[in-house]
Structure formats: C-alpha cells, structure tokens
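Please open the model in your viewer and keep the sequence beside it, since this tour moves from one selection to the next and says what is found at each stop.

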Amino acid sequence: MSFVSAGGDDAPTVLALEGVTKRFGALTANDGIDLTLRRGEVLALLGENGAGKTTLMNVLFGKYTAEGGRVLVERDGALEPLEPGSPAAALGAGIAMVHQHFTLAENLSGLDNILLGTRSLWKFGWGGARRAARTRLQGIIEASGLAVPLDVRVDRLSVGERQRIEILKSLYREARVLVLDEPTALLTPQDADRLFGTLKKLTATGLSVILISHKLREVFSATDRIVVLRHGRKVGETATAAADATSLAEMMVGSAVPKTVHSARTPGEPVVVLDGVSVSAEHGTALDRVDLKVHAGEIVGVAGVSGNGQGALAALLSGLAVPAGGTAQILGKQVERVDPGGLSTAGVARIPEDRHQDGVVGTMTVAENLALENLKTPSVSSRGVLRLSAMTSQARKTIAESDIRCQGPQSTVRLMSGGNIQKLILARTLGRKPRFVLANQPTRGLDLGAAADVARRLDEAATQHRAGVLLISEDLDELLAVADRIVVLHEGRLSEAGPAAAADRNAIGLMMSGQAAA
C-alpha cells in the first residue's frame, strides 16, 4: 500500500527541533540535530541502533532534557518553544508517542485505557461524563477507521486491536504530532496494511506523523520524507520519492550493507524431532500436539504473531520446559527434565527473545558476559578461579572481530545499544560452533546493518558448521530471505513445513491471523 499524505512542501511547519544536543556522560547521543515536520506529513526517522533516534524522540516528548538546542511547536500559526523536560507540556502541545511495546493496563477495558490519565477515573465512573467521553470516542473511531471493542479487557484483544487502542489514546488527547516507534513489529502483513490505511486518513485531516522503522519497504510506501541519523548526527535528508534502498542503507551505516545471502544447503540428520508435543500454558500460550523436524545444515523459520505459542516452543527447545504430551528429541536425546545447562553443554545455542532480560547481565562487564557460557573452560577458569586477564584478552579480540561497539572489555553492558548487545550474544553463542541454534526474534528492533549481520551469522552456522537453526520471527521478509523451510504457529498449532522459496506472503499472513487453516 502506498499513499501521498496531505503534507506538501507548502504545508505549514508544526514542529521544529533546532540544534538538539543530548549527552550521557562522555557519550553524545544527539549532536546538534535539526529537524522539521509539516502538517499532514509522514516523516521517517532512520538510523542504526545507537544512532540517537529514541533519544531524540525522548527529548521531544520531554522524558530527557537536552544540553543544547530547543524544540519548537506551532501555536496559533507561530512556532513557540516547548518547555524542556516535561512530558505534560509535550502532551499539552499535542505531541504523543506510541511505543513498540505497548503501555496498556491489561486488566482494564479499552475504554478505560484510553481515558486513563485524562482525568480522574472516579469522575468517569458514573453519569454523563463517561457517556460523553464514549460518544466523543465513537466519533474519533468513525473518522479514523480504528474500530476496536471498547468494553473488552485489553488482555483479550489481538495485537492489532491493542495498537489501535494506543493510537486512539493519542487521538483522544487531540494529538497533532504522533510518533510511532516500530509500529508494525508485532503485526501481520494485513494488520500493517490496515495501519497505513488509517494513517492516510489521519494525515488527510492534518495529523503529522514521525515513523521510526527499520523496514524500508514500509518507509517507501508510507512516508513523504526521510531523515537519517548516524552516530548521533543528522547525515541525510531526502524526499521519499527520490530515495532508493541502497543509498539509504549506506547512509545509515556509513558503508555498503551486504545483501542477505541464502546459501545452497543439503539437510543432514535431524537435530530436533517433535512428535505430537504439547507444552502446558504456564509458559504462555500452550503448544498443542506439535510436529516438527529441524535437520543439520538447514534453517527452519517459524512465522506467527507474538503470543501464539512461541514462548512455549522456545522454552522447550532451550531446556526450560518439558512436554506435557508427545515426545521431544534434541540432539538425539529425549527431553524428560528441565536442563538448560545440559543442553548448552551438548551443543544447543540460544539467542533469546528478550536480549536485555535473558541474554545478558546488564550490570556485568562485556568480558564477563562473553564468558558466561564458557565458565568451565580452561581459557576462562582454573580450579574454580576466573582468569580475568585471559577473559579480558579474549573479549578484546571478540569485540574487534564482531564489531561490538562499546568502551572496551570492562565497560558495563547495560550502557550498550540493543544491536551491540545482540552482537555480543551472537559472538558468545555461535562462537562455540553449536549443533543446534534456537534464534528467537534475533533481529527485533535492529537496524539494517545489524539485521544483515545476524542473517549472515545464522547462514554461516547452517552452511559452514552444519548446525540446525530454528528461526522464530514476526518479520516475514526476514524469514523469506533466510529460511529454507517455513512453518506458521497460530494458537499453539504448527502448520506443515513448506519451502520458503515457494511461500506466498499473503497466505502466510492469513495463517498468522488464523484466517486460514494452519
């Protein structure tokens, strides 16, 4: 889907950032950035992880106070300074953000989530105030096309419906500028198309949008203008119609981005065999009689909207869960007990879905995190005592080889960007040359360069080291480019595996949403 918004070259400016500079200690996250946004325009903000996009938007929204520069917003036809460091001032000026990970109270209805924070819910509880709010909201829904059941608890809504609630929250507050951070990360292709159709309606009424996305296909179809950041600086700006994918990618990373390579492979013996496996609901959505084989030297992609059993599948294959029914074999051994350490020792590598929570220990150093899965090897410890100098030396080598951007082996991991944390995890897990790799959402939130590096490392593991790879991802483009075979996971059931080369994108999207039999 493509569209041209109402934000033409002669449209008035509704937002301007002038010379914004934000530092965290010695790190300059934003360095004198200028940016403008016109009424009815969709502006794409692109850049690598750590380029400063989120920091800049947090300055705009008042979460951070900049050391230099200012934010100007349009009021009564003139640009006026916005009070720095005040989210309330940003909201009052009509600036709203929809984050990639929704900020909803799941035990409340959609209506209550939308009204939350606008005034006391006690005042909305009875009488005409609540009826008036509902009537106003129904008008917004009709005008925007954001249909959603208002009286259903959020935890019973689909991912697409939850996102509509987030956008309705902003529109109810009379937002004039809407910042969308990776808005399609959790959506099916059909839901993504509906979202961009909604944006078309909203920009026609004068809403202005800043879209942060790593998906260039979406950027080209949904935006008017593109601004690129690199290492905290604005390095480029172009009309979307005049841009091309290659030049944008090079602008983002500062060099040519290698294309994703899919090597020719011949599968070997099975390294994972699931036969009628069920996993209980204590690990999220249960797995229901799942059959699956992953062979040595192949990449099997699992497509599906988040929350359809991916957590249970990942828990089973990483040794954190056992089957409630059926049989599961990993590397020739039947899974009968919880044993993550044993699977790791046997040759299973895990790239977890939440790299910050499950992939690293944020308060530990880079050297310590790189050594976490090798603590018993002679290069890391001797007679139970860590060899700190050897760990530091090895970490320095790994940092250089894997281009992990940090302050050195002794720097704290929590200060690193998500992309560089993922590079650390890849170096630690794949460096052991595992026999089976569980890659759970390995490129979520990553820029083009970092995502290409992940794809290259997984391809290398399957092709050169003959590992079996199970790639769980919500990004269909990634699966179609990287995987040999694809299965679809919906409500705990797996479809039959089919060759990725013959896969139909629209059909997979329908299966992800449960509109076709999986």
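## A tour by selection

Begin by selecting Val338, which sits in the loop that runs between strand S15 (333-334) and helix H11 (340-346). Before going further, bear in mind that this is a predicted model. With a relative accessible area of 48%, Val338 is partly exposed. Add Leu320 and Val322 to the selection, and you will have the residues that, together with Val338, make a nonpolar surface patch of about 220 Å².

Next, select residues 418-430, which form helix H15, and residues 448-463, which form helix H16; these two helices pack at an angle of about 10°, and their axes are 11 Å apart. Because of that angle, H15 counts as roughly parallel to H16. To see where they meet, show the side chains of Gln422, Lys423, Leu426, Ala427 and Leu430 on H15, and those of Asp453, Val454 and Arg457 on H16, since the contact is made by these residues.

The tour now turns to charged pairs. Side chains of opposite charge can pair when their charged atoms come close. The structure holds 30 salt bridges, and three of them are visited here, one after another.

For one of these, select Glu67 and Lys22, whose side chains meet in a salt bridge with a distance of 3.4 Å from N to O. This pair links distant parts of the chain, with Glu67 in the loop between helix H1 (53-61) and strand S4 (68-75) and Lys22 in strand S1 (residues 13-24), 45 residues apart. Is each partner buried or exposed? Glu67 counts as partly exposed, at 45% relative accessibility, whereas Lys22, at 9%, counts as buried.

Move on to Glu237 and Arg225, which form a salt bridge in which the closest N and O atoms are 2.5 Å apart. Here too distant parts of the chain are linked, for Glu237 belongs to strand S10 (residues 233-239) and Arg225 to strand S9 (residues 225-230), 12 residues apart. Glu237 is partly exposed at 42% relative accessibility, while Arg225 is buried, with a relative accessible area of 7%.

Then select Asp288 and Arg493, a salt bridge whose closest N and O atoms are 3.9 Å apart. The two residues are 205 residues apart and link distant parts of the chain, Asp288 lying in strand S12 (residues 287-295) and Arg493 in strand S22 (residues 493-494). Asp288 is partly exposed, with a relative accessible area of 25%, and Arg493 also counts as partly exposed, at 37% relative accessibility.

Which residues are joined into one network by salt bridges that share partners? Select Arg38, Glu41, Arg225, Lys234 and Glu237 together to see this network; Arg225 and Glu237 are the pair visited earlier, with their closest N and O atoms 2.5 Å apart.

The last stop is Glu496, which is placed in the loop between S22 and strand S23 (498-499). Glu496 counts as exposed, because its relative accessibility is 73% and the cut-off for exposed is over 50%. Leaving aside residues up to four places away in sequence, Glu496 touches Ile486 and Val487. Finally, draw a line from the C-alpha atom of Glu496 to that of Gln310: the two residues are 186 residues apart in sequence, and 16 Å apart in space.

Key
Residues numbered from 1 in each chain as written. Predicted model: local features only at pLDDT ≥ 70, side-chain atom pairs only at ≥ 80, totals over all residues. Heavy atoms only, no water. Patch = residues over 30% accessible without salt bridge, like charges linked within 9 Å, V, L, I, M, F, W, Y side chains within 5 Å. Areas by Shrake-Rupley, 256 points an atom, 1.4 Å probe, with all protein chains shown as cover. Salt bridge = Lys/Arg side-chain N within 4 Å of Asp/Glu carboxyl O. Helix = DSSP H or I, 4+ residues; strand = E, 2+ residues; numbered from the N terminus. Buried < 20%, exposed > 50% of the residue type's maximum accessible area, 1.4 Å probe, protein only. Axes fitted to C-alpha atoms, helices over the stretch in contact; angles between N-to-C directions. Parallel < 35°, antiparallel > 145°, perpendicular 65-115°, else oblique. Contact = heavy atoms within 4.5 Å.
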